[in-house]
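Good morning, and thank you for making time for this. I would ask you to keep the sequence and the structure in view while I speak.

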Amino acid sequence: MTPLKIKEFIKASKLKPWDFIIVVFLIIASFIPTIIFGLQQTDAPVTTKVAVLRVDGKEIKSFKLFKGQNESYRYEDADGDYNLIEVKDDQIRIKEANCGDQVCVRRGWAKENGETIVCLPHKLVIEVQGSQGGDSDDLIY
């Protein structure tokens, strides 16, 4: 549009000079929540994650997950069933187990809040969670 046509459009639409200023102000103001919430998220403290090992519902051990971590843990019950758990950097997995189906071994690494590794034959569950003991991504209803 040429400048002449824009002026004709403004006259034809019956816009007053302040209307244009108000519209521009409202467009700019619509971005304020995005800026505020974006700054709050970047200022949030870095939370450490913990992987909790439970067998038959009872907590056996917890592992802190952080960069540079390198640990192995062997869980063995009275029947001789075992799971070899490996922690490397900020992730955890079951490296080896003597269960029949090997689903827990094939599951691979878990590192995000709420992820679980389950070995049903041994009634073993490993859950990754925030350091406060809960999933920091939970929604509040």
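How many residues does the largest nonpolar core have, and which of them have the most contacts inside it? Before I answer, please note that this is a predicted model. The largest nonpolar core has 19 residues. Those with the most contacts inside the core are Ile 92, Ile 94, Leu 124 and Ile 126. At least two core residues come from each of strand 1 (49–55), strand 2 (58–65), strand 4 (82–88), strand 5 (91–97), strand 6 (116–119) and strand 7 (124–130). As general background, nonpolar side chains tend to be buried together in soluble globular proteins.

Let me now set out the overall architecture. The protein chain contains 4 helices and 7 strands. Read from the N terminus, its elements follow the order α-α-α-β-β-β-β-β-α-β-β. The chain has 141 residues, and 23% of them count as buried. Among contacts with a separation of 6 or more, 31% are made by residues 24 or more positions apart.

One annotation concerns the N-terminal part. In UniProt, an unreviewed entry carries the annotation "transmembrane region" for residues 20–39. In the model, this span is 90% helix and 0% strand. Its end C-alpha atoms are 30 Å apart.

I turn next to the sheet of strands 3, 4 and 5. These 3 strands form an open sheet in the order 3-4-5, with antiparallel pairing. Strand 3 (70–76) and strand 5 are the edge strands, each pairing on one side only. On average, neighbouring strands here are turned by 20 degrees against each other, direction ignored. Strand 3 and strand 4 run antiparallel and are joined by 7 bridges. Within this arrangement, Glu 71 stands opposite Val 87 of strand 4.

Two glutamates in this region deserve a word. Is Glu 86, in strand 4, buried or exposed? Glu 86 counts as buried because its relative accessibility is 11%, and the cut-off for buried is under 20%. The side chain of Glu 86 makes a polar contact of 2.6 Å with that of Arg 93. Beyond four places in sequence, Glu 86 touches Glu 71, Gln 91, Ile 92, Arg 93, Lys 95 and Trp 109. Ile 92 in that list has already been named among the core residues with the most contacts.

The second glutamate is Glu 96, which belongs to strand 5. Glu 96 counts as partly exposed, at 36% relative accessibility. Its side chain and that of Tyr 82 are joined by a polar contact of 2.7 Å. Glu 96 and Asn 83 are 13 residues apart along the chain, yet their C-alpha atoms are separated by 5.8 Å. Outside its neighbours within four places in sequence, Glu 96 contacts Tyr 82, Asn 83, Leu 84 and Val 105.

Ile 94 is also worth following. With neighbours within four places set aside, its contacts are Asn 83, Leu 84, Ile 85, Cys 104, Val 105, Ile 117, Leu 124 and Ile 126. Two of the residues in that list, Leu 124 and Ile 126, are named with Ile 94 among those with the most contacts inside the core.

That leads to strand 7. Why may strand 7 be described as largely enclosed by the rest of the structure? The description holds because 5 of its 7 residues are buried. Strand 7 is joined to strand 1 by 7 bridges, and the two run antiparallel. In that pairing, Leu 53 has Ile 126 as its bridge partner. Strand 7 also pairs with strand 6 in the antiparallel sense, over 4 bridges. There, Cys 119 has Leu 124 as its bridge partner.

I close with two backbone conformations. In the hairpin of strand 6 and strand 7, which has 4 residues between the strands, Lys 123 takes a positive phi near 55 degrees. Lys 123 is exposed, with a relative accessible area of 53%. The other case is Gln 102, in the loop between strand 5 and helix 4 (103–106). Its phi is near 60 degrees, again a positive value in a residue other than glycine. Gln 102 is partly exposed, with a relative accessible area of 23%.

Thank you. I should be glad to take your comments.

How values were computed: Residues are numbered from 1 along each chain as its sequence is written. This is a predicted model: local features need pLDDT of at least 70, side-chain atom pairs count only at pLDDT 80 or more; totals for chains, interfaces and linings use all residues. Side-chain values use heavy atoms; hydrogens and water are left out. A nonpolar core is a set of buried Ala, Val, Leu, Ile, Met, Phe, Trp, Tyr and Cys residues joined through side-chain atoms within 4.5 Å. Buried means under 20% relative accessible area, exposed over 50%, partly exposed in between (1.4 Å probe, protein chains only). Contact means heavy atoms within 4.5 Å. UniProt positions are given in the numbering used here, feature names are shortened, and annotations may be inferred rather than shown by experiment. Two strands pair if DSSP finds at least two bridges between them. Axes are lines fitted to C-alpha atoms, for helices over the stretch in contact, and angles run from 0 to 180 degrees between N-to-C directions. A polar contact is a pair of N or O atoms within 3.5 Å; within protein, one must be able to donate a hydrogen and the other to accept it, and residues adjacent in sequence count only if both atoms are side-chain atoms.
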